[in-house]
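Open the model in your viewer and keep the selection panel at hand. Each stop below says what to pick and what is there.

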Amino acid sequence: MAILVDYNQVILASLFASIGNHTDVAADENIIRHMFLNSIRANRKKFTEEYGEIVICADGKNTWRREAYPYYKANRKKSRDESGMDWAALFEIMNTIRDELREYFPYKVIHIDHCEADDIIGTVIHEYGSELNIGAEKFLILSGDKDYIQLQNYANVDQYDPIRKRWIRSDNPHQYLKEHILKGDTGDGVPNILSADNCLAVGERQKAMTKKRMAMYSEGTDQMDEETLRRYYRNKMMIDLSEIPQKYQDIIMSEYNQNKDIGRKELFNFFVKKKLKHLITDIQDF
């Protein structure tokens, strides 16, 4: 049982939901800390009885995906540079809050170099996912990222978007993953299987994935020529969360299975120190 929190996604989505298009505003550490902790408080109160305790899953540096595919998320830096947001300052705040969670809170905080939150959550779910819901411990993914829909193949896995306050569900997670691999993921710089590795990075138009082509390739890899097949496996490695290299899976599970010795005794002093007076009255919810 666990509530697996996609730390970076939740904290950034919370921030941008509050500031809208005003990306030129300075990131305020106190506001971001309060906003994220209040979200954790509310969702733990709502879900802990059914799904267990919070586990913070944070992105590490230098993802292994970029080593395997240099164009992975290649567009992110350009769009961030154009946004007007001081991303260096924002990431520094996020790192500070993540370290505070590790030091003062009773929750496990998993942060591993070369691994993203997707890797952590995907590895844990593939380890404990169950085809049958009967008697299986339940897991909740706390994130608005639809990449996790593929993990709903397991009957004991749910996903909730804490920003929009709605469940994310799919009638056919297996088909969703299959189509996701074929179509790629433009947000992550992964083109469809008909397009060159660098097409999104250099701003070229992708070759259209028509309904006819989608139907043909959905039947299996037998329909693909050698180059299309290579691109298919390129996308599968980037998108399918069962493709995480074994050495990182081992590190993730070792971290996940460690007990956290810090109880809730540190929370009151931390809240006082950080002037979180509005949260002290609800300290029992943490």
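In which helix does T123 lie? Select T123 and look along its helix, which is α6. One caution before moving on: this is a predicted model.

**Stop 1: T123**

Is T123 buried or exposed? Its relative accessible area is 5%. The cut-off for buried is under 20%, so T123 is buried. Now show its contacts. Leaving aside residues up to four places away in sequence, T123 touches I244, Q249, I252 and M253.

**Stop 2: strand β2**

Select residues 54-58, which form β2. Five of the five residues are buried, so the strand is largely enclosed by the rest of the structure. Turn on side chains. I54, I56 and A58 point one way, while V55 and C57 point the other way. Both sets are buried.

**Stop 3: the neighbours of β2**

Add residues 2-6, strand β1. β1 and β2 run parallel and are joined by four bridges. To find one of these pairings, pick I3; its bridge partner in β2 is I54.

Next add residues 108-111, strand β3. How many bridges pair β2 with β3? Four, again in the parallel sense. Pick V55 here: its bridge partner in β3 is K108.

**Stop 4: the largest pocket**

Select L12, D59, K73, R76 and R80. Of the 38 residues that line the largest pocket, these lie nearest its centre. Then colour α1 (7-19), α4 (76-83), α5 (87-104) and α6 (117-128); these are the elements that give two or more residues to the lining. The helix of T123, α6, is thus back in view.

The pocket holds about 1,300 Å³ of space. Colour its lining by class: 18 residues are charged, 10 are polar and 10 are nonpolar.

**Stop 5: the second largest pocket**

How much space lies in the second largest pocket? About 200 Å³. Select its lining: S14, A17, S18, M35, N38, S39, A42, N43, K46, P162, I163 and K165.

Which elements each supply at least two of these residues? They are α1 and α2 (29-51). The largest share, six residues, comes from α2. By class, the lining divides into five nonpolar, five polar and two charged residues.

For a last view, show both pockets together. α1 gives two or more residues to the lining of the largest pocket, and α1 also supplies at least two to the lining of the second largest.

Note on methods:
Residues numbered from 1 in each chain as written. Predicted model: local features only at pLDDT ≥ 70, side-chain atom pairs only at ≥ 80, totals over all residues. Heavy atoms only, no water. 1 Å grid on protein atoms, 1.4 Å probe; cavity = no way out; pocket = protein on both sides within 12 Å on 5 of 7 lines; lining within 4 Å. Points joined across faces, edges and corners; volume = space filled by probe spheres on them. Nonpolar A, V, L, I, M, F, W, Y, C, P; charged D, E, K, R; others polar. Buried < 20%, exposed > 50% of the residue type's maximum accessible area, 1.4 Å probe, protein only. Pairing = 2+ DSSP bridges. Contact = heavy atoms within 4.5 Å.
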